[in-house]
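Reader: I would like a close look at a single residue and its surroundings. Please begin with its contacts, then widen the view to the chain.

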Amino acid sequence: MKRQHRVATRALAALLTVLATLVGARVAGAEGGGQNQFPCTSTTLRAGALLPDLVPDQQLLTDDHVVWRDPQTGKFLLAFSAGIANVGAGTLNVVGYRDRVAGSVLPDPNTMPAYQRIFHADGTCDELPVGTMEYHPVHHHWHLEGVMKYELLNAQGEPVKPNTKVAFCMADVAVVDSSLPGFPTAPAFNGCDPNQRTTYVNTGTSVGWEDIYDKMLFGQNFDVTDLMDQAPAQYFIRQTVDAAGILFEEDNGNNTTGISVTLGVGVPYSTGRPRPGI
């Protein structure tokens, strides 16, 4: 796929993601349903499994980052888009389920165990624990913890700014490689369940598809206010997929990417603020 077409497709997909977020991500209702309809019969990873291969999208990060100044607070934010592409042989499919909630009581903490479903050519699957899904009241849907880690490093490779976004709602947002075997022409995963009471959540990223988090979304930035008051210097945005190693995939050696950025006095910036989102 040509780069120009990919960038345009991702930009449109990111816009649709933002719009879906602003209306409450209601399109994701079909991803839950409150019932584990297709449980796997195996709880061990068997030979011949079709594993996903998750890679961060360096081109998207290169093309879509900016320094913003919030006109209300005066803070400077280094905002960036991020993509998680699945270029492996198998689907990334993560489900969560729990016992039904009785009456009007909601669990506290509002979490459920997460399991990765790994499929085989004969249609069977293995189901293995991979951590925790959590319902975020501000975002109004379920997230999987630990999918991507963002870091801002200085020229010595030392972390200088934390980023709190570590939980993600996985979906098929944009096509990254339609030539891969097993590529579905239509998205199989449309979002994350907005129902706080659900007992079953089904998320993922299909072969040849990419999950995208636009720079306008809440959490897709670093607060660099103090760095913009200093002499210009080089920094590095590092994105790491599955930094905690909770997911099963083909290759863990391609999980990190990043770009260099310049921050400091005199560096151009735009005016605006990120929006609430996933």
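Author: Start with T257 in this predicted model. Setting aside neighbours within four places in sequence, T257 is in contact with P56, Q58, I237, R238 and Q239. One of these partners, Q58, also takes part in a polar contact: its side chain pairs with the side chain of T257 at 2.7 Å.

Is T257 buried or exposed? Its relative accessible area is 9%. Buried means under 20%, so T257 counts as buried.

Now the strand. T257 lies in β17, which covers residues 256–263. L263 belongs to that residue range too. With neighbours within four places again left out, L263 is in contact with V67, L78, L152, V224, L227, M228, A231, P232, A233 and Y235.

L263 also leads into the core. The largest nonpolar core has 37 residues. Those touching the most other members are L78, V94, L152, V224, I237 and L263. I237 appears here, and I237 is also a contact of T257. A second core is separate and has five residues, including A171, V173, A174 and I212. In soluble globular proteins, nonpolar side chains tend to be buried together.

Last, the whole chain. The protein chain holds two helices and 18 strands. Of its 278 residues, 51% are buried. Take the contacts between residues at least 6 apart in sequence: 76% of them join residues at least 24 apart. The chain exposes about 12800 Å², and carbon and sulfur atoms supply 55% of that area.

Terms used: Residues are numbered from 1 along each chain as its sequence is written. This is a predicted model: local features need pLDDT of at least 70, side-chain atom pairs count only at pLDDT 80 or more; totals for chains, interfaces and linings use all residues. Side-chain values use heavy atoms; hydrogens and water are left out. A nonpolar core is a set of buried Ala, Val, Leu, Ile, Met, Phe, Trp, Tyr and Cys residues joined through side-chain atoms within 4.5 Å. Buried means under 20% relative accessible area, exposed over 50%, partly exposed in between (1.4 Å probe, protein chains only). Contact means heavy atoms within 4.5 Å. Helices (H or I, at least four residues) and strands (E, at least two) are DSSP runs, numbered from the N terminus. Accessible areas come from the Shrake-Rupley method with a 1.4 Å probe; for residues, only the protein chains shown count as cover. A polar contact is a pair of N or O atoms within 3.5 Å; within protein, one must be able to donate a hydrogen and the other to accept it, and residues adjacent in sequence count only if both atoms are side-chain atoms.
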